[in-house]
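Me: I have a fold open on my screen and some of the labels puzzle me. Can we go through them together?

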Amino acid sequence: MKENDFKKISDNSFSLFDFRIGIEKIRKIIGDRNIEDLPKKFATVAVDINNGEEVVIDKGPLIKAIEATICIPGMFPPVEINGKYLVDGGLLNILPVDVCRKMGADLVIGVDVSKFFKINFNYKPKKLTSLEKKFVNSIKNPYISLLVKKDLIYTIFGSFNIMGNRLRKEKLEKYKPNVLIECDYDGSSLLDLVIDDKNYRNKLIERGRSIAESRIDEIRNLLR
């Protein structure tokens with residue numbers, strides 16, 4: 001799979017990108033199987049964008065469940081399942097330990113990557129230069145326009161972070177994982193995440209691997 005498989009500019013008014021090329025590549029890997037036919041219990045979380053309710057998908061086509069749970073609002077179009085239009089479940093449940101417990105899990109390992117980037121918001125937005133204004137007004141591609149207006153990106157993601165972290169804290173007070181692995185990266189940049197630079201992504205992967213390996217002994221002791 002390639003980055004551009006998920007970066008085709010969308011031709012609808014719901015999203016910036018069309019991820020159908022990427023989804024079809026995933027389909028070729030996993031096939032057209034149903035969740036209930038998998039060898040292990042599986043569920044994923046989404047949100048009904050019409051009424052704001054959390055939806056746990058634990059049956060039906062696996063590919064549709066994957067589509068729904070990676071559908072970041074604004075980035076990808078909502079996914080229709082059984083008459084509901086679903087988006088990324090991280091809006092309401094970024095660390096669904098409760099879902100695992102309700103499925104019967106005895107040992108839950110939670111991996112939280114929400115701290116991979118930090119936003120230090122400073123309300124001193126720079127004014128666009130005349131050249132940047134001309135560029136933003138002339139380009140029809142909203143994604144490219146957003147890259148110029150990166151203060152807007154920080155505002156949007158900062159708002160999502162506030163909501164997500166508050167809900168995450170409330171959930172974790174009720175449903176605690178046996179092991180909580182929190183991943184962070186001091187050299188992170190929100191703009192790097194949006195652009196999806198390959199070298200930056202590899203650094204994130206290495207950081208995640210290092211943090212996980214540091215908890216291996218703790219996990220093995222629990223398994224014993």
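Reply: Sure. A definition to begin with: two strands pair if DSSP finds at least two bridges between them. Keep in mind that this is a predicted model.

Me: How do you know that E3 and E4 pair?

Reply: Pairing takes at least two bridges, and 4 bridges join E3 (residues 44-48) to E4, running antiparallel. One of the partnerships is Thr-44 with Ile-57. The hairpin they form has 5 residues between the strands, and Gly-52 there takes a positive phi near 75°.

Me: What makes the side chains of E4 alternate?

Reply: Look at where they point along residues 54-57: Val-55 and Ile-57 go to one face and are buried, while Glu-54 and Val-56 go to the other and are not. Buried here is under 20% relative accessible area.

Me: Why are the buried residues of H1 said to be on the same side?

Reply: In H1 (residues 20-30) those are Gly-22, Ile-23 and Ile-26. They cover an arc of only 100° around the axis, so they sit on the same side of H1. The face turned away carries Arg-20 and Lys-28, both exposed, and exposed takes over 50%. Helix H2 (62-69) is part of what covers the buried residues of H1.

Me: What makes a group of residues a nonpolar core?

Reply: They must be buried nonpolar residues joined through side-chain atoms within 4.5 Å. The largest such core has 23 residues, and Ile-57, Ala-68 and Leu-86 have the most contacts inside it. H2 gives the most, with 5 residues. A second, separate core has 5 residues, among them Val-179 and Ile-211.

Key. Residues numbered from 1 in each chain as written. Predicted model: local features only at pLDDT ≥ 70, side-chain atom pairs only at ≥ 80, totals over all residues. Heavy atoms only, no water. Buried < 20%, exposed > 50% of the residue type's maximum accessible area, 1.4 Å probe, protein only. Helix = DSSP H or I, 4+ residues; strand = E, 2+ residues; numbered from the N terminus. Arc of directions from axis to C-beta. Contact = heavy atoms within 4.5 Å.
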